[in-house]
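Work through these exercises with the model open beside you. Try each task before you read its solution.

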Amino acid sequence: MNDLHRMSEDVAHHVEWGIRRTKIHTEPFPHAIIDSALPPMIFDHLLKALPAPTSFTSLDRIGFGSVTKYSRRGAQRLSELTDSGPVWMAIELGLSDPAVESALRATFMPFVDAGQMARLRRPLRRELWIDCDLARSSLSPHTDAPSLFVKCIVFLAAAQQDTSIETLLFEPLDPARRTDSLPGDGDYTDSTYVHEDWNNHRIHTRVAFRANRMLTFLRSPQSLHGLGSVAAAAAPRYVLSLHLKYACGS
């Protein structure tokens, strides 16, 4: 067994084990917080291989500028980094392992509705990204587009610890009014999806930014999350995200 194969298996087994033993919090929506999400030795190698902020493409240039002010957040697909060292390939292979998807499916299955269940009959698509938030980067309350089944966000590193880099979980001030205002059948569609107004929501939970901590949640009309304005002293803020998405056309 070569080193890359061994590292990727370590990632898959470690992440699967962490997901399967986790406790689900149901408020304000089903989510879990997992510390030491990636194998510690591999995580240490990952931190040493983080790309410079200048190597990222801002999300408004990638094509997400219509939903929020993304000029202060950059992103790279993990596949773009695999030539930079074996750790990135090991992370990509490990997080793409079917065992990780199986663990996420099993963890969130009690909260899946009939519509989601129907879409899960087809294989899911995977996207892996590294995001880099610069000073004043922010994300207003949003649920992600309905093409998403589950998201996993792994906190990597920041210049310093600060409350401004916490991930925020929201609840609407007027849930019924919000539901009535959604353009779909109680939810967005991929084409109508937008980020929402800060003034219509309150912060329910602050997920502290800790290195190698994973936040994972089931996407639903209620999975409102975001990021306040990142303080200059705390930037850059790096996170790794795994998106499990429904098959196209499902």
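## Exercise 1: Two unusual backbone angles

Asp144 sits in the loop between β5 (139-142) and β6 (148-158). This is a predicted model. Task: state what the phi of Asp144 is, and whether Asp144 is buried or exposed.

Solution.
Step 1. Asp144 is not a glycine, yet its phi is positive, at about 70 degrees.
Step 2. Its relative accessible area is 11%. Buried means under 20%. Asp144 is therefore buried.

Now do likewise for Asn212. Where does Asn212 lie?

Step 3. Asn212 is in the loop between β8 (201-207) and β9 (214-218).
Step 4. Asn212 has a positive phi of about 70 degrees, although it is not a glycine.
Step 5. Asn212 has a relative accessible area of 5%, so it counts as buried.

## Exercise 2: Cis peptide bonds

Task: find which residue is joined to Pro28 by a cis peptide bond, and which to Pro236. Place both prolines.

Solution.
Step 1. Glu27 and Pro28 are joined by a cis peptide bond, with omega about 0 degrees. Pro28 belongs to the loop between α1 and β1 (31-34).
Step 2. Ala235 and Pro236 are joined by a cis peptide bond too, with omega about 5 degrees. Pro236 belongs to the loop between β10 (225-227) and β11 (237-245).

## Exercise 3: Helix α1 against helix α5

Task: work out how α1 is oriented to α5, then find which residues make the contact.

Solution.
Step 1. Helix α1 covers residues 3-20 and helix α5 covers residues 98-108. Their axes come within 9 Å and cross at roughly 5 degrees.
Step 2. Angles under 35 degrees count as roughly parallel. So α1 is roughly parallel to α5.
Step 3. From α1, the contact uses Ala12, Val15, Glu16, Ile19 and Arg20. From α5, it uses Ala99, Val100, Ser102, Ala103, Leu104, Ala106 and Thr107.
Step 4. Sort the residues of this contact of α1 with α5: eight are nonpolar, two polar and two charged.

## Exercise 4: Helix α4 and its partners

Task: describe how α4 packs against α1 and against α2. Then find which residues of α4 are buried.

Solution.
Step 1. Start with α1. The axes of α1 and α4 come within 8 Å and cross at roughly 45 degrees. The two helices α1 and α4 are therefore oblique to each other. Their crossing is right-handed.
Step 2. On the α1 side, the meeting residues are Leu4, Met7, Ser8, Val11, Ala12 and Val15. On the α4 side, they are Pro86, Val87, Met89, Ala90, Ile91, Leu93, Gly94 and Leu95. By class, the contact of α1 with α4 has twelve nonpolar residues, two polar and no charged ones.
Step 3. Turn to α2 (residues 40-48) and α4 (residues 86-95). Their axes are 9 Å apart, at an angle of about 125 degrees. So α2 and α4 are oblique to each other. The crossing of α2 and α4 is left-handed.
Step 4. Here Ile42, His45 and Leu46 of α2 meet Val87, Trp88 and Ile91 of α4. The contact of α2 with α4 has five nonpolar residues, one polar and no charged.
Step 5. Check burial. In α4, the buried residues are Val87, Trp88, Ala90, Ile91, Glu92, Gly94 and Leu95. Because seven of the ten residues of α4 are buried, this helix is largely enclosed by the rest of the structure.
Step 6. The cover over the buried residues of α4 includes α1, α2, α5, β4 (125-133) and β11.

## Exercise 5: A loop residue beside α4

Task: locate Ala49 and find which residues it touches.

Solution.
Step 1. Ala49 is in the loop between α2 and β2 (57-58).
Step 2. With 25% relative accessibility, Ala49 counts as partly exposed.
Step 3. Leave out residues up to four places away in sequence. Ala49 then touches Val87 and Trp88.
Step 4. Ala49 and Ser84 are 35 residues apart in sequence, but their C-alpha atoms are 7.6 Å apart in space.

## Exercise 6: The nonpolar cores

Task: find which members of the largest nonpolar core touch the most other members.

Solution.
Step 1. The largest nonpolar core has 43 residues. Leu38, Ile91, Leu104, Ile130, Phe149, Leu156 and Leu240 touch the most other members.
Step 2. Take Leu38. Beyond four places in sequence, its contacts include Val11, Phe43, Ile91, Asn212 and Leu240.
Step 3. Another core, of 16 residues, lies apart from the largest one; among its members are Ile153, Val207, Leu227 and Ala235.

Technical notes
Residues numbered from 1 in each chain as written. Predicted model: local features only at pLDDT ≥ 70, side-chain atom pairs only at ≥ 80, totals over all residues. Heavy atoms only, no water. Axes fitted to C-alpha atoms, helices over the stretch in contact; angles between N-to-C directions. Helix = DSSP H or I, 4+ residues; strand = E, 2+ residues; numbered from the N terminus. Parallel < 35°, antiparallel > 145°, perpendicular 65-115°, else oblique. Left-handed = near helix turned anticlockwise from the far one by under 90°. Contact = heavy atoms within 4.5 Å. Nonpolar A, V, L, I, M, F, W, Y, C, P; charged D, E, K, R; others polar. Core = buried A, V, L, I, M, F, W, Y, C linked by side-chain atoms within 4.5 Å. Buried < 20%, exposed > 50% of the residue type's maximum accessible area, 1.4 Å probe, protein only.
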